[in-house]
Amino acid sequence: MDAERRGVRASDRERALVIARLTRALEHGRLSLAEYDERVAATYSAISREELAELIDDLPGRLW
């Protein structure tokens with residue numbers, strides 16, 4: 001698969017931001033502990049920004 005189709009590679013900082021958002025979602029009762037664990041593991045293995053976006057697409061934009 002060519003680089004254009006895979007999307008831009010994710011950075012460690014972007015992964016940390018996704019994990020912070022997942023943690024807030026867990027704290028607010030939007031994710032079960034099992035789903036949180038699965039998504040965190042997928043965050044660490046994600047290569048592209050697109051993969052990260054898929055992990056948080058169903059969550060509200062602001063979870064403060």
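**Close-ups of a predicted four-helix chain**

The protein chain has an accessible surface of about 4500 Å² (Shrake-Rupley method, 1.4 Å probe; for residues, only the protein chains shown count as cover), and 50% of that surface belongs to carbon and sulfur atoms. This is a predicted model, where local features need pLDDT of at least 70 and side-chain atom pairs count only at pLDDT 80 or more, while totals for chains, interfaces and linings use all residues. Numbering starts from 1 along each chain as its sequence is written, and side-chain values use heavy atoms, with hydrogens and water left out.

**View 1. The whole chain, helix by helix.** There are 4 helices and 0 strands (DSSP runs numbered from the N terminus: H or I of at least four residues for helices, E of at least two for strands). From the N terminus on, the order is α-α-α-α. Of the 64 residues, 31% are buried (under 20% relative accessible area, with exposed meaning over 50% and partly exposed in between; 1.4 Å probe, protein chains only). Take contacts (heavy atoms within 4.5 Å) between residues at least 6 apart in sequence: 68% of them join residues at least 24 apart.

**View 2. Confidence from H1 to H3.** The average pLDDT (the predictor's confidence in each residue, from 0 to 100) is 90 for the chain, and 88% of the residues score at least 70. Helix H1 (residues 3-6) has the lowest confidence, with a mean of 53, whereas helix H3 (residues 33-45) has the highest, at 98. Where pLDDT is low, don't read the predicted coordinates in detail.

**View 3. Helix H3 and its two faces.** With 13 residues, H3 reaches 19 Å from its first C-alpha to its last, close to the expected 18 Å (1.5 Å times one less than its number of residues). Tyr-36, Arg-39, Val-40 and Thr-43 are buried in H3. Looking down the axis, these buried residues fall within an arc of 105° (taken from the directions from the helix axis to the C-beta atoms), so they line one face of the helix. Their packing partners are helix H2 (12-27) and helix H4 (49-56). Glu-38 and Ser-45 are exposed on the face turned away from the buried side.

**View 4. Leu-22 and the largest nonpolar core.** This core (buried Ala, Val, Leu, Ile, Met, Phe, Trp, Tyr and Cys residues joined through side-chain atoms within 4.5 Å) has 13 residues. Leu-22, Leu-52 and Leu-59 touch the most other members. H2, H3 and H4 each give two or more residues, and the largest share, 4 residues, comes from H2. Beyond its neighbours within four places in sequence, Leu-22 has contacts including Leu-31, Tyr-36, Val-40, Leu-55 and Leu-59.
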